[in-house]
Amino acid sequence: MTHTGSPADDGAGAVRRFRLELVEGPARGVVWDSSADRCSLGSDEGNDLVVADPTVSRFHCEIRIDEAGARVRDLKSRNGTAVDGVSVVEAFLRTGSLIRVGKTVARFEFGTEHNRLPLWDEARFGALSGASAAMRGVFALLARAAERDVTVLLEGETGTGKSQAARSIHERGARREKPFVVVDCGAIHGNLIESELFGHAKGAFTGAAEQRVGAFEEASGGTIFLDEIGELPLDLQPKLLRALEAREIRRVGTNTARTVDVRVIAATHRDLRSEVNAGRFRADLYFRIAVVRIPMPPLRQRPEDIPALLDDLLAALHATPEEAAALREPKVITRLKRAAWPGNVRELRNYVEQYLVFRAPPPVSELAPVNAPPPVDASVPYAEARDRVLADFERRYFEALLRAHDGKVSRAAAAAGLDRRYLYRLLHRHGLGPERDPEG
Ligand SMILES: Nc1ncnc2c1ncn2[C@@H]1O[C@H](COP(=O)(O)OP(=O)(O)OP(=O)(O)O)[C@@H](O)[C@H]1O
């Protein structure tokens, strides 16, 4: 195996530790300390923090930490997730944030130490490029996955490189001389997928004029890549589960079991845990597939990768030196770094192609400015909506106030025109400090 990279040891890739303490609900008192960059919380045994509470969904929410901070994301749970009293789909956390999931409340706290995440020491992995810590973290995971025959689930938005990542795992692994067979579960019509995956006997159904070998058999000795696995119809899921568990398949229209020796890599743009919560994906199949989960980060979260990606694309699309120079102009790069890129690297590629055809930069959708006002939720009563906005404003105001005065409450109170003891009470309400003024 040609290893051109290895895990880096340059100090990058360290993430702050965090702790969750269950402060309300039947599992009250449980404390969980992070050993990596995320924690899934739910009632299913497969979660990092298992909460035995019937009001908590199987996969309720996930907390992730990166350079931008710590965030909680609801996984389309039945009872929703609230942070400090406000229902959220996704929200940033601070020390003291109270996360309500059903009848359980977890208190979030940043630690003082850091967890180190392995980083690849090169800005390239197979056909993928990326110098950002986020991508080098992904490359390190891909390299580890390539070393073993383990089943991998690649998760990410469209165009983030999931197919390329799957190919790279195969090409670095022991099965690289054998076939790499792709099945796009989202592109094949429901009742044809079974035959696509497992093959069929002659006459098995109308139109089956000849027998057919399915993708599992075609991939024999190699790798099968199940793209968009989240689109697999529910009635086919038990059959795939059997194939993965027993490494045995049956062609449609036959009763003969055939042993298959394949490595499985799957990809999805959905969060399969939300699909499990919604009853659209079987939990047992999820655990069979998500043995190693590798999240492919969206391009908008790693704008520092854009110059190198641009160089790659310009070379691949045979741009002339003049064309390349025009796109490498600092003001063009600045605009590209600010764009939203909902189609990720594929959209960046389209952008470069269009530029080369029309000789003019096509329009790009800008990211929403960070200070855009939050959307108004007219589905809740006025008083509740106003209280939420006020609570959010107060918390952000006091955080900024404390930052501006190095955490000195007396100075902050004077600057804000508030009584010091009153400010202590307000800070405590927002989880930003002790309730009582230690000075009396
Ligand atoms: N990090 C990267 N470096 C270089 N090229 C990339 C990178 N990520 C994606 N690409 C390119 O972007 C295009 C889309 O990538 P790919 O098909 O692997 O994405 P995907 O996540 O599988 O998308 P989809 O979910 O829509 O199938 C391809 O041309 C691929 O080569």
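What follows is a walk through two sheets and a ligand site in a predicted model.

Let's start with the sheet that has antiparallel pairing. Here 6 strands line up in the order E3-E2-E12-E11-E8-E9, and the sheet they form is open. At the edges stand strand E3 (31-33) and strand E9 (86-88); each has a single partner strand, so one side of each is left without a neighbour in the sheet. Going from one strand to the next, the twist averages 30 degrees. As a bit of background, strands of a sheet pair through backbone hydrogen bonds, and the pairing can be either parallel or antiparallel.

Within this sheet, strand E2 (residues 14-24) is a handy place to look. On one side, E2 is joined to strand E12 (residues 104-116) by 9 bridges, with the two strands running antiparallel. One residue pair to look for is Ala-14 and its bridge partner in E12, Arg-116. E2 also pairs with E3, again antiparallel, through 3 bridges. In that pairing, Leu-20 has Trp-32 of E3 as its bridge partner. E2 and E3 make up a hairpin, with 6 residues between them. Gly-25 sits in the turn and has a positive phi of about 105 degrees.

Further along the same strand order, strand E8 (residues 81-83) and strand E11 (residues 98-101) run antiparallel and are joined by 3 bridges. Here Ala-82 is found opposite Arg-100 in E11.

Now for the sheet with mixed pairing. This one is open too, and its 5 strands come in the order E5-E4-E6-E7-E10. Its edges are strand E5 (49-50) and strand E10 (90-93), each with a single partner strand, so one side of each is left without a neighbour in the sheet. The mix shows up nicely around strand E4 (residues 38-42), which runs parallel to E5 and is joined to it by 2 bridges. Gly-42 stands opposite Val-50 in that pair. With strand E6 (residues 61-66), on the other hand, E4 pairs in the antiparallel sense, over 4 bridges. There, two arginines face each other: Arg-38 stands opposite Arg-64 in E6.

E6 in turn runs antiparallel to strand E7 (residues 69-74), and 6 bridges hold the pairing. Ile-65 is opposite Ala-70 in E7, and a hairpin of 2 residues links E6 to E7.

That leaves the ligand. The space it takes up is the second largest pocket. Around the ligand are 17 residues, and the closest are Ser-129, Thr-158, Gly-159, Lys-162 and Ser-163. Which parts of the fold supply at least two residues each to this shell? Strand E15 (128-129), helix H2 (162-172) and helix H11 (344-358) do. H2 gives the most, with 3 residues.

A few polar contacts can be picked out by atom. A polar backbone atom of Ser-129 is 2.8 Å from a nitrogen atom of the ligand. Gly-161 also uses its backbone: one of its N or O atoms lies 3.1 Å from a ligand oxygen atom. With Arg-346 the side chain is involved, as a polar atom there lies 3.0 Å from an oxygen atom of the ligand. How much of the ligand does the protein bury? Taken alone, the ligand exposes 630 Å², and 85% of that is buried by the protein.

Definitions and conventions
Residues are numbered from 1 along each chain as its sequence is written. This is a predicted model: local features need pLDDT of at least 70, side-chain atom pairs count only at pLDDT 80 or more; totals for chains, interfaces and linings use all residues. Side-chain values use heavy atoms; hydrogens and water are left out. Two strands pair if DSSP finds at least two bridges between them. Axes are lines fitted to C-alpha atoms, for helices over the stretch in contact, and angles run from 0 to 180 degrees between N-to-C directions. A residue is near a molecule or strand if one of its heavy atoms lies within 4 Å of it. A polar contact is a pair of N or O atoms within 3.5 Å; within protein, one must be able to donate a hydrogen and the other to accept it, and residues adjacent in sequence count only if both atoms are side-chain atoms. Accessible areas come from the Shrake-Rupley method with a 1.4 Å probe; for residues, only the protein chains shown count as cover. On a 1 Å grid over the protein atoms alone, a cavity is a set of points where a 1.4 Å probe fits but cannot get out, and a pocket is an open set with protein on both sides within 12 Å along at least five of seven lines; lining residues have an atom within 4 Å of a point. A molecule sits in a cavity or pocket if more than half of its atoms lie within 2 Å of its grid points.
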